[in-house]
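User: I'm new to reading protein models and I'd like some help. Could we go through one together, feature by feature?

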Amino acid sequence: MNFKRIVLCLLTLTILGAFCITPVTFAATQKYGIDNLNNEAGELKIAYLGGSITEGSGASPQSNRWSTIVTKEFFQKRFPNKTVIEVNAGVGGTCSDLGMYRMRKDLIGEEPDVVFVEFAVNDAGRSDPTASKPYMEGIVRQLARLPKQPVVIFLYTAKNDFAQVDKSIEAQQKVADHYGIATINLNSYVRNLVNAGTIIWNDKNVNGETNKDKWYSGDGVHPNDKGYQLYVDYIMELFNKNYNKYFKKLTWQ
């Protein structure tokens, strides 16, 4: 009996040891997407994972969506010798849980160098907006373990119920902080513009306002062409001001 217990203990320690050693061995051979953010010839893949706002709903034509413009106007112009490829994995109506489960089918096989993750608006529609935290972490951990670990950026888009979106943002920001992920808060940016009277983020008159030049969203969720350009301008402004803040490796213990 004692001999069997000793053998069982040794076997258990061997298995646990193998699991402990594996991450260290993997890390030694892992590559990083940030190393491909240079102007040398080759491919640069920029991936976008999210819902209908990432997919481009409301844009006319779809080439006016924020992901396509950012790919062309920021990445292609910054790295003219690269062949910059947009991988758009936006699917309307999906939250971060479905985003986590469709990663392997829609994104991982593309071997992206940079991944934007956008689920704040759809996750805000949950009965508990804070429930997105484990799913966002699931997305990050899948990306972190890839043979080529990409740069990851969380993008928080806007909805006319700004306070509700703030709840899902709060949960997702905890994941971002833990893994050293940079974030872009468009919900806060748009709210400030709406409160200042600079833009209208819905399809209804506000205080008798009939000036459609101020309308940047047709339904309070999906930007129109001007709304998508507004997103792009703000994103590029942040990137140009502090590039290294957004493009970096994941950092956590």
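User: Let's start with strands. In which sense do S6 and S7 pair, and over how many bridges?

Analyst: Keep in mind that this is a predicted model. S6 and S7 pair in the parallel sense, over 4 bridges. For one concrete spot, take Tyr 156: its bridge partner in S7 is Asn 185. Between these strands the chain goes from S6 through H8 to S7, a β-α-β crossover that is right-handed.

User: Okay, and what order do the strands take in the sheet?

Analyst: The sheet is open and has 5 strands, in the order S3-S2-S4-S6-S7, with parallel pairing. At the edges you'll find strand S3 (82-90) and strand S7 (182-185), each pairing on one side only. From one strand to the next, the twist averages 20 degrees.

User: Can you walk me through the other pairings? Over how many bridges do S2 and S3 pair?

Analyst: S2 and S3 pair over 9 bridges, in the parallel sense. There, Leu 44 has Val 84 in S3 as its bridge partner. S4 and S6 are parallel too, with 4 bridges, and Val 117 stands opposite Phe 154 in S6.

User: Which helices pack against these strands?

Analyst: Two to look for are H3 and H8. H3 lies across S2, S3, S4 and strand S6 (151-156), and runs at about 160 degrees to S3. Helix H8 (residues 162-179) packs on the sheet and touches S6 and S7, its direction making about 165 degrees with that of S6.

User: S6 keeps coming up. How many of its residues are buried?

Analyst: S6 is mostly covered, with 6 of its 6 residues buried. Look at where the side chains go: Val 151, Ile 153 and Leu 155 point one way, while Val 152, Phe 154 and Tyr 156 point the other way, and all are buried.

User: Let's move on to rings. What describes a pair of aromatic rings?

Analyst: You use two things, the distance of the centres and the angle of the planes. This structure holds 15 aromatic pairs. Take Tyr 48 and Phe 116: their ring centres are 5.0 Å apart and their planes are at 10 degrees, so this pair is stacked. The cut-off you need is that planes under 30 degrees apart count as stacked.

User: Where do those two residues lie?

Analyst: Tyr 48 is in strand S2 (residues 42-50) and Phe 116 in strand S4 (residues 114-118), so the pair ties together parts that are 68 residues apart in sequence. Both Tyr 48 and Phe 116 are buried.

User: And how would I read Phe 75 and Phe 247: stacked or edge-to-face?

Analyst: Their centres are 5.8 Å apart and their planes are at 85 degrees, so that pair is edge-to-face. Phe 75 lies in helix H3 (residues 66-78) and Phe 247 in the segment after helix H11 (243-246), so they tie together parts that are 172 residues apart in sequence. Phe 75 is buried, and Phe 247 is as well.

User: Which residues do ring pairs link into a cluster?

Analyst: They are Tyr 48, Trp 66, Phe 74, Phe 75, Phe 116, Phe 239, Tyr 243, Tyr 246 and Phe 247. Try finding them on the model!

User: One last thing: which ring does the charged end of Lys 249 sit over?

Analyst: That's the ring of Tyr 32, and the charged end is 4.1 Å from its centre. Also have a look at Lys 226, which lies over the face of Tyr 216, at 4.9 Å from the ring centre.

Notes:
Residues are numbered from 1 along each chain as its sequence is written. This is a predicted model: local features need pLDDT of at least 70, side-chain atom pairs count only at pLDDT 80 or more; totals for chains, interfaces and linings use all residues. Side-chain values use heavy atoms; hydrogens and water are left out. Rings of Phe, Tyr and Trp (its six-membered ring) pair if their centres lie within 6.5 Å; planes under 30 degrees apart count as stacked, over 60 as edge-to-face and the rest as tilted. Buried means under 20% relative accessible area, exposed over 50%, partly exposed in between (1.4 Å probe, protein chains only). A charge sits over a ring if NZ of Lys or CZ of Arg is within 6 Å of the ring centre and within 35 degrees of the ring normal. Two strands pair if DSSP finds at least two bridges between them. Axes are lines fitted to C-alpha atoms, for helices over the stretch in contact, and angles run from 0 to 180 degrees between N-to-C directions. Contact means heavy atoms within 4.5 Å. A crossover is right-handed if, with the strands pointing away from the viewer, the path from the first strand over the helix to the second runs clockwise.
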